[in-house]
Amino acid sequence: MLRKRVPDVTFRTRVRDESIEGPNPYRWENKTTADYFSGKRVVLFSLPGAFTPTCSNYQLPDFEKLHDEFKAEGIDEIYCISVNDAFVMNAWARHQGIEKIKFIPDGSGEFTRKMGMLVAKDNLGFGMRSWRYAAVVNDGMIEQWFEEEGFADNCETDPYGVSSPQNILENLRARESAAA
Ligand code: BEZ
């Protein structure tokens, strides 16, 4: 059964700090589920890995392009989460030139596990990663759920469609017109 509230977790992020000298002016900063989700209506999308092709060529850049359209539908933030550490997530964001989407590093997989979305990807040498899904989360409560079909360990394919930004936006718009 779909859980209703996102789990309470502390994420280990790396933030830029200009007061730090040297080639790596970043420090650790703990961020909690409440920091990301309290008092906001957000889209969270979770993917199998930073730098992987579908995520880098379609899902992430398309969310970035459509960010302002999500805003117009009452979404305050869009979060990309992956079972990758903060160094990897920051490097991926920089590499992709992302400015509007925020990244949540779930390096230990705790959030993903508590969401029930952790799968083995040992067939790819990845270890435990996230199944691809997205959700509209309102003040920590899951309002809409978009999970790719075929949830499984060591899945030979990488289904992508339900959790695409285009599909989520279409659902948000349909709900809004139905409510009008
Ligand atoms: C992809 O995004 O294309 C991908 C994701 C996980 C494993 C392999 C590829």
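Q: Contact means heavy atoms within 4.5 Å. What covers the buried residues of helix 2?
A: This is a predicted model, where local features need pLDDT of at least 70, side-chain atom pairs count only at pLDDT 80 or more, and totals for chains, interfaces and linings use all residues. Residues are numbered from 1 along each chain as its sequence is written, and side-chain values use heavy atoms, leaving out hydrogens and water. Helices (H or I, at least four residues) and strands (E, at least two) are DSSP runs, numbered from the N terminus. The cover of helix 2 includes strand 3, helix 3, strand 4, helix 4, strand 5 and helix 6.

Q: Which residues of helix 2 are buried?
A: Buried means under 20% relative accessible area, exposed over 50%, and partly exposed in between (1.4 Å probe, protein chains only). By that rule, the buried residues of helix 2 are C55, S56, Q59, L60, P61, D62, F63 and E64.

Q: How far does helix 2 reach from its first C-alpha to its last?
A: The expected span of a helix is 1.5 Å times one less than its number of residues. Helix 2 has 13 residues, which gives an expected 18 Å. The model is close to this: its reach is 17 Å.

Q: What distance separates the end C-alpha atoms of helix 6?
A: Helix 6 has 15 residues. At 1.5 Å a residue, they should span 21 Å. The model agrees, with its end C-alpha atoms apart by 21 Å.

Q: Within what arc do the buried residues of helix 6 fall?
A: Helix 6 buries P165, I168, L169 and L172. They line one face of the helix, because the directions from the axis to their C-beta atoms fall within a limited arc. Seen down the axis, that arc is 100 degrees.

Q: Why can residues three or four places apart share a direction on an α-helix?
A: Residues at that spacing point the same way. The reason lies in the turn of an α-helix, which has 3.6 residues.

Q: Which residues are exposed on the other side of helix 6?
A: The buried side is covered by elements including strand 3, helix 2, helix 3, strand 8 and strand 9. Opposite, the exposed residues are E170, S177 and A178.

Q: Is P165 buried or exposed?
A: P165 lies in helix 6. Not counting residues up to four places away in sequence, it touches Q59, D62, F63, L66, F70 and Y160. Its relative accessibility is 0%, so P165 counts as buried.

Q: What is the relative accessible area of A174?
A: A174 is also placed in helix 6. It is partly exposed, at 45%.

Q: Which residues are exposed on the face of helix 4 turned away from its buried side?
A: In helix 4, the buried residues are A86, M89, W92 and A93. They cover an arc of only 130 degrees around the axis, so they sit on the same side of helix 4. The face turned away carries R94 and H95.

Q: Which residues touch the most other members of the largest nonpolar core?
A: A nonpolar core is a set of buried Ala, Val, Leu, Ile, Met, Phe, Trp, Tyr and Cys residues joined through side-chain atoms within 4.5 Å. The largest such core has 24 residues. The members touching the most others are F45, F70, W92 and I168.

Q: How many residues are in the core that lies apart from the largest one?
A: F70, leaving aside neighbours within four places in sequence, is in contact with V43, F63, I75, I78, P165, I168, L169 and L172. Apart from the core of F70 lies another, with Y36, V42, M117 and Y133 among its members. Its residues number 20.

Q: How many residues apart in sequence are the parts that F37 and Y79 tie together?
A: Phe, Tyr and Trp rings (six-membered ring for Trp) pair if their centres lie within 6.5 Å; planes under 30 degrees apart count as stacked, over 60 as edge-to-face and the rest as tilted. The count is 12 aromatic pairs. F37 and Y79 have ring centres 5.6 Å apart and planes at 75 degrees, so this pair is edge-to-face. F37 lies in helix 1 and Y79 in strand 4, so the distance in sequence is 42 residues.

Q: Which residues form one aromatic cluster with F37 and Y79?
A: F37 is buried at 2% relative accessibility, and Y79 is buried at 1%. The other residues of their cluster are F11, Y36 and F111.
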